[in-house]
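I opened this one with a fresh page and a cup of tea. Below are my notes, in the order in which I looked things up.

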Amino acid sequence: IVAPLEAEDTLVLRDALLALGVPIQAGDETWSVKGRIPWRAGSPLRLRGSGASLRFLLPCLALEAEGPVRVEGSPRLFSRPLAADAFEAYLREHLGR
């Protein structure tokens, strides 16, 4: 990633990916992100108020996480609409999960 935006959402997502074991090397103007599957979390993912991080991570965790993953955040974060019912229906229909 060239010239990553150093905003709260970006940094929260980066920290969550690191917590899942995804290698990220930060340089002066770049981040190098290497894929890693399955994702494993040794501690809760602390997403604070980052809805963007939650929306990105939930489907990825449902498909790629090995074992349970605890997601923590502000009360406001979990009051946001996520279209979880549609996603859950898709997983059941197409992946038997």
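These entries go through helix α2, the nonpolar core, a strand residue, the charged pairs and two backbone oddities.

**Entry 1: before starting**

I am working on a predicted model, so everything below is computed from predicted coordinates.

**Entry 2: the length of α2**

I began with helix α2, which covers residues 51–64. I wanted to know how its end-to-end distance compares with what its length suggests. With 14 residues at 1.5 Å a residue, α2 should span 20 Å, and its end C-alpha atoms are indeed 20 Å apart, so the two agree.

Next I looked for bends along α2. I found a kink of about 30 degrees at Leu-57, shortly before the proline Pro-59.

**Entry 3: the buried side of α2**

Which residues of α2 are buried? My list reads Gly-51, Ser-53, Leu-54, Leu-57 and Leu-61. I then asked what the buried residues of α2 pack against. The partners are α1, β3 and β4.

**Entry 4: Ser-53**

Ser-53 caught my eye, as a serine in helix α2. Is Ser-53 buried or exposed? Its relative accessible area is 1%, and the cut-off for buried is under 20%, so Ser-53 is buried.

I looked for a polar partner and found Ser-50: the two side chains make a polar contact of 2.6 Å. Setting aside residues up to four places away in sequence, Ser-53 touches Asp-9, Val-12, Leu-13 and Leu-47.

**Entry 5: the nonpolar core**

I turned to the largest nonpolar core and counted 14 residues in it. Those with the most contacts inside this core are Leu-17, Leu-20, Trp-39, Leu-45, Leu-47, Leu-57 and Leu-61. The elements giving two or more residues to the core are α1 and α2. As background, nonpolar side chains tend to be buried together in soluble globular proteins.

I noted that Leu-57 appears here among the residues with the most core contacts, and is also where α2 has its kink.

**Entry 6: Trp-39**

I picked Trp-39 from the core list and asked what it touches, not counting residues up to four places away in sequence. Its contacts include the leucines Leu-17, Leu-20, Leu-57 and Leu-61, along with Val-22 and Cys-60. Glu-64, Ala-65 and Glu-66 complete the set of Trp-39 contacts.

**Entry 7: Leu-45**

Leu-45 is in strand β3. With a relative accessible area of 1%, Leu-45 is buried. I left aside its neighbours within four places in sequence and read off its contacts, among them Ala-16, Ala-19 and Leu-20. Leu-45 also contacts Leu-57 and Leu-61, both buried residues of α2. Val-69, Arg-70, Val-71 and Glu-72 are in contact with Leu-45 too.

For a sense of scale, I took the distance from Leu-45 to Arg-80: they are 35 residues apart in sequence and 17 Å apart in space, C-alpha to C-alpha.

**Entry 8: salt bridges**

How many salt bridges are there? I get five. The general idea is that side chains of opposite charge can pair when their charged atoms come close.

One of them joins Arg-46 and Glu-72, at 3.6 Å from N to O. Arg-46 lies in strand β3 and Glu-72 in strand β4, so this pair ties together parts that are 26 residues apart in sequence. Arg-46 is exposed at 53% relative accessibility, whereas Glu-72 is partly exposed at 25%.

Glu-72 also bridges to Arg-70, at 2.9 Å. Arg-70 is exposed, with 57% relative accessibility. Shared partners join Arg-46, Arg-70 and Glu-72 into one network.

Another salt bridge links Asp-15 and Arg-14, at 3.1 Å from N to O. Both ends are partly exposed: Asp-15 has 36% relative accessibility, and Arg-14 has 21%.

**Entry 9: positive phi**

Last, I checked the backbone. Most residues other than glycine have a negative phi, which makes exceptions worth a line in the notebook.

Ala-3 is not a glycine, yet its phi is positive, about 50 degrees. Ala-3 sits in the segment before α1 and is partly exposed at 49% relative accessibility.

Arg-48 likewise has a positive phi of about 50 degrees. I found Arg-48 in the loop between β3 and α2, partly exposed at 44% relative accessibility.

Terms used:
Residues numbered from 1 in each chain as written. Predicted model: local features only at pLDDT ≥ 70, side-chain atom pairs only at ≥ 80, totals over all residues. Heavy atoms only, no water. Salt bridge = Lys/Arg side-chain N within 4 Å of Asp/Glu carboxyl O. Buried < 20%, exposed > 50% of the residue type's maximum accessible area, 1.4 Å probe, protein only. Helix = DSSP H or I, 4+ residues; strand = E, 2+ residues; numbered from the N terminus. Polar contact = N/O pair within 3.5 Å; in protein donor to acceptor, adjacent residues only side chain to side chain. Contact = heavy atoms within 4.5 Å. Core = buried A, V, L, I, M, F, W, Y, C linked by side-chain atoms within 4.5 Å. Expected span 1.5 Å × (residues − 1). Bend = angle between axes of the 7 residues up to and from the residue.
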